[in-house]
Every structure is written in structure tokens, then in C-alpha cells.
Amino acid sequence: MDGDSRASNWKHRHLLGLESLSAEDIVAVLDQAAEFKRLAEQGERKLTALAGQTVANLFFEPSTRTRTSFSLAAKRLSADTIEFSASGSSLSKGETYLDTARTIEALGPSMVVVRHSSPGAPHMLSRQLDVGVLNAGDGTHEHPTQALLDLFTIREHRGDLAGKTVALVGDIRHSRVARSNIWGLRKLGARVIVCGPATLVPRNITEMGVEISYSLDRVLGEVDCVNLLRVQFERQRGAFFPSIAEYAHLFGMNGDRQRRMKDDALILAPGPINRGVELTPEVADGSKSVILDQVTNGLVIRMACLYLLDRAAANAEANA
Ligand code: CP
């Protein structure tokens with residue numbers, strides 16, 4: 001599909017999660033991102049698609065990768081940006097989440113990017129504001145652009161996702177990245193194994209079409225990719241495993257485990273990584289690691305999302 005057809009077929013004014021996207025929608029984002037990457041490699045880094053517009057980044061939780069890449073993505077498309085962080089804001093004076101969002105909306109952005117600790121917070125804004133809303137991570141629910149950049153990175157290195165086996169390892173229970181990856185990988189035809197301590201893998205996750213393994217060593221030899229999820233200590237209430245050392249011993253990726261994987265297997269991690277917990281430095285910086293490629297690809301994925309949402313809004317206005 002060419003770029004014009006892709007943009008005219010895209011109907012979503014908001015990007016709230018991969019659950020609500022079709023396989024065709026997901027491929028459209030990946031293809032649009034590939035087009036932006038190709039243009040950048042040819043020297044066309046600055047595009048004019050969002051000239052005269054403003055994108056607001058509303059981060060009610062900390063972020064390095066998502067925030068900086070959404071900001072740069074907007075600038076690469078010639079938009080202005082508003083950068084809001086909870087820390088140092090008037091939230092500390094009692095202003096509510098919704099009043100904060102409406103205050104930012106009054107400055108005239110056409111899209112807002114939202115990260116919040118409460119599942120559903122971006123969905124609420126999509127109903128309350130008149131602008132496009134992109135979910136940059138909502139509690140334990142979804143992190144759609146992270147999953148899209150993960151899919152893009154696997155496709156870039158290993159081709160079509162259909163038929164690939166991907167293991168998501170670690171804190172599945174608290175991971176929005178796991179949930180978005182599962183939706184995306186399954187829709188594109190990949191086999192997904194979730195792997196972690198029994199306390200961190202909800203049993204009903206099989207309803208999403210995944211297999212469960214409680215042994216990383218058992219699945220290592222059959223996977224094409226391993227995505228190492230961070231242990232989300234900040235979202236855990238209670239002790240889910242006896243010690244970090246035991247977690248690393250059973251579920252941490254180390255040099256020995258890496259050598260038992262297929263020669264062309266990939267190691268991904270959404271980051272931030274905890275060296276020595278989910279993976280050792282040897283693995284993080286090793287030949288199978290595509291962790292920094294994921295960060296690089298996050299830029300074009302977020303450019304693609306902003307671009308397609310803007311086109312959907314323009315098409316809806318033209319047809320009104
Ligand atoms: N992967 C991810 O969302 O990283 P940040 O929290 O740094 O944005």
C-alpha cells in the first residue's frame with residue numbers, strides 16, 4: 001500500500017491501545033515508520049506534515065525513551081511541542097488531572113500524548129477533550145507505541161512476524177508492555193510464550209492466546225526473540241519472589257543462556273533495564289541485543305502514529 005492510501009485508510013483519531021487495532025492498522029503504522037526511516041536515511045530528516053500544529057506531551061509518570069522520542073518525533077514533523085511533567089506542576093497545589101489536561105488543551109494542541117499510572121486515564125481524556133489522544137503508557141494496561149516499536153524492530157531484523165516465536169519474560173502481571181505486545185504479536189500471527197515466576201504470570205492470560213512457561217531454560221532453544229520485561233517494583237504490592245538474586249538466577253538472561261539460543265535469535269528489552277536483574281551487561285551489550293535499535297526505531301514509530309492520527313482528523317474534517 002502506498003503512503004496516500006495508508007493515510008486515507010487510517011480511521012483512528014486516537015491511539016489508545018493495540019487491542020482496538022486490526023492487523024492491517026498495525027502493519028500500516030509499521031510501513032509508515034519504515035517510510036520515515038528510509039527518508040531519514042536519504043537525508044530527509046525534517047518533514048512538514050505537522051507544520052503549524054502543536055503536540056502536547058503530558059507525562060504524569062517518569063519517562064526517558066517515550067517522552068524524548070515523542071518530542072523529537074513531533075519536531076521532525078515540524079510541530080511545536082508543549083512539555084508537561086507532573087513534578088514541578090500545579091498538581092502539587094491540588095489541580096486535578098482533568099483540569100490540568102483542559103488547561104493544556106486551552107493552549108491549542110491538536111494532539112496530546114499521555115502517560116499516567118491509572119489504567120484508562122488516556123481513554124478518559126479521549127472522551128473529555130476535542131483533540132487526538134495517544135497513550136504513552138497507562139498503569140498496567142497498555143503501552144501501544146512500545147509494542148509497535150518492538151514489532152518494527154523484530155520485523156526489521158527477522159522479517160514477517162507470522163510464525164515467529166516470541167517469549168515475553170518477567171513481570172507479566174504488572175506489564176503494560178506485555179499486554180500491548182501480546183495483542184500486536186498475536187494479531188500479526190506470532191506464537192507468544194509468557195515466562196516468569198508463577199506469582200507474576202496471571203493464569204487467565206492464556207485467554208489472550210498465549211502459552212505459559214515457568215522455566216526460561218525450557219523455552220530458550222525454541223524462541224526467535226526474547227523480550228525481557230523489567231520487574232515493576234513500583235507497581236507491586238507485596239513480595240512476588242524471595243529475592244532479586246533468586247529472580248536473576250531463574251529468569252535473568254546471562255551469557256550461558258544466550259549461548260543456548262538460536263544463532264539468529266534477538267534479545268529485546270523495553271527499558272529501562274536493570275543490569276544484573278533481567279539481564280547481565282554481557283547480554284545487554286552483546287551481539288544478540290537490539291535494545292538500542294528499539295530506542296532508535298521508537299522515533300519513526302512515534303512519527304508514524306502522530307502522522308496517521310493527524311491524517312484521520314483531517315479526513316474526518318473534510319468529510320464533515
Ligand atoms: N520503555 C519505556 O517506556 O521507557 P521510558 O519509561 O523511559 O519511557
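The shell around the ligand holds one nonpolar, six polar and two charged residues. This structure is a predicted model. The ligand sits in the largest pocket. Both domains supply the shell, with at least three residues from each.

**Ligand shell**
- S63, T64, R65 and T66 surround the ligand, together with R115, H143, Q146, P270 and G271.
- The two charged residues of the shell are R65 and R115.
- The one nonpolar residue is P270.
- Domain 1 is made of two segments, 4-142 and 296-314.
- Domain 2 covers 144-295.

**Polar contacts to the ligand**
- T64 places a backbone N or O atom 2.8 Å from an oxygen atom of the ligand.
- R65 also offers a backbone N or O atom, at 2.9 Å from an oxygen atom of the ligand.
- P270 uses a polar backbone atom, which lies 2.9 Å from a nitrogen atom of the ligand.
- The protein buries 91% of the 260 Å² that the ligand exposes when taken alone.

**Cis peptide bond at P272**
- G271, one of the residues around the ligand, is joined to P272 by a cis peptide bond.
- Omega for this bond is about -5 degrees.
- P272 lies in the loop that runs between strand 9 (266-268) and helix 11 (281-284).

**Positive phi at S78**
- S78 is not a glycine, yet its phi is positive, at about 75 degrees.
- The loop between helix 3 (65-76) and strand 2 (80-85) contains S78.
- Helix 3 spans 65-76, and R65 and T66 are among the residues that surround the ligand.

Key: Residues numbered from 1 in each chain as written. Predicted model: local features only at pLDDT ≥ 70, side-chain atom pairs only at ≥ 80, totals over all residues. Heavy atoms only, no water. Near = heavy atom within 4 Å. Polar contact = N/O pair within 3.5 Å; in protein donor to acceptor, adjacent residues only side chain to side chain. Areas by Shrake-Rupley, 256 points an atom, 1.4 Å probe, with all protein chains shown as cover. 1 Å grid on protein atoms, 1.4 Å probe; cavity = no way out; pocket = protein on both sides within 12 Å on 5 of 7 lines; lining within 4 Å. Sits in = over half its atoms within 2 Å of the grid points. Domains from an automatic or database assignment. Helix = DSSP H or I, 4+ residues; strand = E, 2+ residues; numbered from the N terminus.
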